[in-house]
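Trainee: Got a minute to go through this one with me? I'd like to start with single residues and then zoom out.
Mentor: Sure, put it up.

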Amino acid sequence: MYNFLLTLLIIDCILITIAVLMQPSKTNDAMSALTGGADDLFAKQKPRGFEAFMQKTTLVLGIIFFAISLALVWISSH
């Protein structure tokens, strides 16, 4: 059981890494500081489409990561 959960944890770590790398970046370049940052007008919009899907996927994978980690700690302590 321990080895199975450890394998699932490794797979989950790889999937989290891929999900984080696939998310679009939201950083502004140095020009936005010089132009007054007009991009901030639309910065508070809710994510839609692919961006929303990737955020939900990352959240679910993170919850799975912590659940498996806690299960591994519990198994290894008994």
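Trainee: Leucine 15: how exposed is it?
Mentor: Leucine 15 has a relative accessible area of 41%, so it is partly exposed. The classes are buried under 20% relative accessible area, exposed over 50%, and partly exposed in between, with a 1.4 Å probe and protein chains only.

Trainee: Before I go on, what kind of model is this, and what are the ground rules?
Mentor: It's a predicted model: local features need pLDDT of at least 70, side-chain atom pairs count only at pLDDT 80 or more, and totals for chains, interfaces and linings use all residues. Residues are numbered from 1 along each chain as its sequence is written, and side-chain values use heavy atoms, with hydrogens and water left out.

Trainee: OK. Which element holds leucine 15?
Mentor: Leucine 15 is in helix 1. Helices here are DSSP runs of H or I with at least four residues, strands are E runs of at least two, and both are numbered from the N terminus.

Trainee: How far is leucine 15 from glycine 62 in space?
Mentor: 9.8 Å, C-alpha to C-alpha, with their positions 47 residues apart in sequence.

Trainee: And isoleucine 16, what is it in contact with?
Mentor: Isoleucine 16 also belongs to helix 1. Skip the neighbours within four places in sequence, and isoleucine 16 is in contact with Leu61, Gly62 and Phe65. Contact means heavy atoms within 4.5 Å. By C-alpha atoms, isoleucine 16 is 9.4 Å from valine 60, 44 residues apart in sequence. Threonine 57 is 8.4 Å from isoleucine 16 on that C-alpha basis, at 41 residues apart.

Trainee: Where does threonine 57 sit?
Mentor: In helix 3. Its relative accessibility is 23%, so threonine 57 counts as partly exposed.

Trainee: What does the side chain of threonine 58 reach?
Mentor: The backbone oxygen of methionine 54, at 2.7 Å. For polar contacts the cut-off is a pair of N or O atoms within 3.5 Å; within protein, one must be able to donate a hydrogen and the other to accept it, and residues adjacent in sequence count only if both atoms are side-chain atoms. Threonine 58 lies in helix 3, residues 50-77. Beyond four places in sequence, threonine 58 is in contact with Ala19, Val20 and Gln23.

Trainee: Switching ends. What does tyrosine 2 contact?
Mentor: Leu72, Ile75 and Ser76, leaving aside neighbours within four places in sequence. Tyrosine 2 lies in helix 1. With a relative accessible area of 38%, tyrosine 2 is partly exposed. Its C-alpha is 8.8 Å from that of alanine 71, 69 residues along the chain.

Trainee: Now the helix pair. At what angle do helix 1 and helix 3 cross?
Mentor: Roughly 155°, and the axes come within 9 Å; helix 1 covers residues 2-22. Axes are lines fitted to C-alpha atoms, for helices over the stretch in contact, and angles run from 0 to 180 degrees between N-to-C directions.

Trainee: Which orientation follows for helix 1 and helix 3?
Mentor: The two are therefore roughly antiparallel to each other. That label takes angles over 145 degrees; under 35 is roughly parallel, 65 to 115 roughly perpendicular, and the rest oblique.

Trainee: Zooming out, how many helices and strands?
Mentor: Three helices and zero strands. The pattern along the sequence is α-α-α.

Trainee: How much of the chain is buried?
Mentor: 18% of the 78 residues. Among contacts with a separation of 6 or more, 89% come from residues 24 or more positions apart.
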